[in-house]
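Please examine the sequence and the model shown below. Then work through the exercises in order, comparing each result with the solution.

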Amino acid sequence: MTTGPPMNVKHLLTLSFDNNVGPRDRVFRLVSGAATAAAGWLLHAPPGVAVGLSIAGAAWMATGILSKCSIYYLLGYSTCPRAQMRST
């Protein structure tokens with residue numbers, strides 16, 4: 001777990017900052033995001049709740065797929081080992 005350089009708004013908006021989601025964190029985000037996205041439909045929640053959970057789950061999965069988390073960036077936090085951090 002490392003901290004990075006100060007925040008840059010342009011990098012935040014374009015997701016052009018270094019990867020900050022490590023391998024274990026990625027797996028957790030992908031699995032929990034898929035479960036969250038499916039939960040509303042599988043539990044027969046009202047349509048608005050099911051759609052909201054699907055959107056939240058998809059957004060959570062996207063952070064795992066991209067290995068970039070805006071909240072981590074804002075906090076200057078990373079779960080990537082130093083060797084895996086790279087700019088895009």
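The exercises below concern a predicted model and proceed from the whole chain to single residues.

**Exercise 1. The overall plan**

Determine how many helices and strands the protein chain has, and in what order the elements run.

Solution.
Step 1. The protein chain contains 4 helices and 2 strands.
Step 2. Read from the N terminus, the order of the elements is β-α-α-α-α-β.
Step 3. The protein chain has 88 residues, of which 28% are buried.
Step 4. Consider the contacts between residues at least 6 apart in sequence: 82% of them join residues at least 24 apart.

**Exercise 2. A pair of helices**

Describe how helix α2 and helix α3 are arranged: are they roughly parallel or roughly antiparallel?

Solution.
Step 1. Two packed helices are described by the angle between their axes and by the distance between those axes.
Step 2. Helix α2 covers residues 23-42 and helix α3 covers residues 47-66. Their axes come within 7 Å and cross at roughly 165 degrees.
Step 3. An angle over 145 degrees counts as roughly antiparallel. Therefore α2 and α3 are roughly antiparallel to each other.
Step 4. The crossing of α2 and α3 is left-handed.

**Exercise 3. The contact of the two helices**

Identify residues of α2 and α3 that meet, and state how the contact divides by class.

Solution.
Step 1. On the α2 side, the residues include R26, F28, L30, A34, A37 and W41.
Step 2. On the α3 side, the residues include V51, L53, A58, W60, M61 and I65.
Step 3. By class, the contact of α2 with α3 has 12 nonpolar, 8 polar and 2 charged residues.
Step 4. A35 also lies in helix α2. A35 has a relative accessible area of 44%, which lies between the cut-offs of 20% and 50%, so A35 is partly exposed.
Step 5. A35 and M61 are 26 residues apart in sequence, and their C-alpha atoms are 9.9 Å apart in space.

**Exercise 4. Two residues with positive phi**

Compare H44 and S67: where does each lie, and is each buried or exposed?

Solution.
Step 1. H44 is not a glycine, yet H44 has a positive phi of about 55 degrees. S67, a residue other than glycine, likewise has a positive phi, near 60 degrees.
Step 2. H44 is placed in the loop between α2 and α3, whereas S67 is in the loop between α3 and α4 (70-75).
Step 3. The relative accessibility of H44 is 71%, so H44 counts as exposed. The relative accessibility of S67 is 7%, so S67 counts as buried.

**Exercise 5. A buried loop residue**

Locate N20, decide whether N20 is buried or exposed, and find which residues N20 touches.

Solution.
Step 1. N20 belongs to the loop between α1 (9-14) and α2.
Step 2. Buried means under 20% relative accessible area. N20 has a relative accessibility of 4%, so N20 counts as buried.
Step 3. Leaving aside residues up to four places away in sequence, N20 touches S67, K68, C69, Y72, Y73, Y77, S78, T79 and C80.

**Exercise 6. Two cysteines**

Decide whether C69 and C80 are buried or exposed, and state how many disulfides the structure holds.

Solution.
Step 1. C69 has a relative accessibility of 6%, so C69 counts as buried.
Step 2. C80 has a relative accessible area of 3%, so C80 is buried.
Step 3. A disulfide is a covalent bond between the sulfur atoms of two cysteines.
Step 4. The structure holds 0 disulfides.

Notes:
Residues numbered from 1 in each chain as written. Predicted model: local features only at pLDDT ≥ 70, side-chain atom pairs only at ≥ 80, totals over all residues. Heavy atoms only, no water. Disulfide = S-S within 2.5 Å. Buried < 20%, exposed > 50% of the residue type's maximum accessible area, 1.4 Å probe, protein only. Axes fitted to C-alpha atoms, helices over the stretch in contact; angles between N-to-C directions. Parallel < 35°, antiparallel > 145°, perpendicular 65-115°, else oblique. Left-handed = near helix turned anticlockwise from the far one by under 90°. Contact = heavy atoms within 4.5 Å. Nonpolar A, V, L, I, M, F, W, Y, C, P; charged D, E, K, R; others polar.
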